[in-house]
Amino acid sequence: MNTHEKYMSRCIELAKKGAMEVSPNPMVGCVLVYGNKIIGEGYHEKYGETHAEVNAIRSVKDKKLLRKCTLYVSLEPCAHHGKTPPCSDLIVEKQIPKVVIGTVDPFAEVAGKGIEKLENNGIDVKLNVLKDECLELNKRFFTFHEKKRPFILLKWAQTSDGYIDIDRKAQHYGEPTWITGTDALIKVHQMRALEDAILVGTGTAEKDNPSLTVRLVEGKNPLRIILDRNLKLSPRLNLFDNSTETLVINSIKNEKKGNTELAKVDYSLEILPQILELLYKKEKLSLIVEGGRKLLQSFIDRGLWDEAHVYNGDLDFKAGVKAPKLKGEIVSTEIIGKDFLQIFRNSDQGS
């Protein structure tokens, strides 16, 4: 690892501290280096508040050193007036001579304009240091702006013989069929806390009566989304407890009561693009699809997914509901108690 990579790695480490707090903004970290020593650092801490560059510059005790230092930042400094002033203007104002950037910002309001402003003011700019790592850091943000939809994560648990559920009768509705253990459940709740929205279909809502919250960990609840075409689901289900933001996709009406919103879509057309368009308008950067086989397979068949998180238990059902069929690249495997998690990435970049 060279010197530039060393300091950019620190930027990424800092940026991750903003997870769960900055969406729909990106996670960004910044350090200021003088004489091979970090003299200031900061990260984007909360949506709508000061950016990483501002926090890093403010942390420098001797401001005279700014004219002699190098600023490292994981994402191109903004050049537009949003909820805060442009960071590129501040860098120019402070006469920082060198800026090292992890990757260009895909957001149309920035997209190279920050770099252009810095270079037009005589600042030495170096690009694409640890670019792949910086892209991975903000994969949700990049997908949202480049594909005009949330980053989509599929999630399910399956038995060692490839089933996600038994064949259940109505008298067995109300509780999920547990395939994995408590450690895996905590991992799922940690995943939910990192994402903006979570979707289940009518069948899962009825059979499992899930809450789709993060009650086992610290963090914010994702937006709960339920498909209920004819608004036939029981109002006594946990999903309708009005405890957190909930969106009900239906064919009948638009309505909002407390934390629960009904959103009417056209069921004569494809539903998934309409859902994704709604989430794009709501500025939700990511979506977990945690429904049953039919819903999961519909996303897979249309290529509408970015990652799949598949939890594997050590049970055998021998019969029941088969797990979805998925083709993708396994990017990681993690042992979780008696279970293990495989993460797949969609290699079809057109999705």
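These legends accompany close-up views of a predicted model.

**View 1. The largest nonpolar core.** This core has 32 residues, and those touching the most other members are Leu154, Trp156, Ile225, Ile249, Leu287, Val289 and Phe299. Strands and helices both contribute. Two or more residues come from each of β6 (151–158), β8 (197–200), β9 (223–227), β10 (246–250), α9 (271–281), β13 (286–289), α10 (293–301) and β14 (307–312). Helix α9 gives the most, with five residues. In soluble globular proteins, nonpolar side chains tend to be buried together.

**View 2. Leu287 and its contacts.** Neighbours within four places in sequence are left aside here. Leu287 then contacts Pro150, Phe151, Ile152 and Leu153. Its contacts also include Ala197, Ile198, Leu199 and Ile225. Leu276, Leu279 and Phe299 complete the list. Another core, of 28 residues, lies apart from the largest one; Leu32, Cys69, Ile101 and Phe142 are among its members.

**View 3. Thr159 in a loop.** Thr159 sits in the loop between β6 and β7 (163–165). Is Thr159 buried or exposed? Its relative accessible area is 1%, and under 20% counts as buried, so Thr159 is buried. Beyond its neighbours within four places in sequence, Thr159 contacts Ile179, Gly313, Leu315, Asp316 and Phe317.

**View 4. Helix α7.** This helix covers residues 182–194, 13 in number. At 1.5 Å a residue, α7 should span 18 Å; its end C-alpha atoms are 19 Å apart, which agrees. Its buried residues are Ala184, Val188, His189, Met191, Arg192 and Ala193. They pack against β6, β8, β13, β14, β16 (329–336) and β17 (339–345).

Key
Residues are numbered from 1 along each chain as its sequence is written. This is a predicted model: local features need pLDDT of at least 70, side-chain atom pairs count only at pLDDT 80 or more; totals for chains, interfaces and linings use all residues. Side-chain values use heavy atoms; hydrogens and water are left out. A nonpolar core is a set of buried Ala, Val, Leu, Ile, Met, Phe, Trp, Tyr and Cys residues joined through side-chain atoms within 4.5 Å. Buried means under 20% relative accessible area, exposed over 50%, partly exposed in between (1.4 Å probe, protein chains only). Helices (H or I, at least four residues) and strands (E, at least two) are DSSP runs, numbered from the N terminus. Contact means heavy atoms within 4.5 Å. The expected span of a helix is 1.5 Å times one less than its number of residues.
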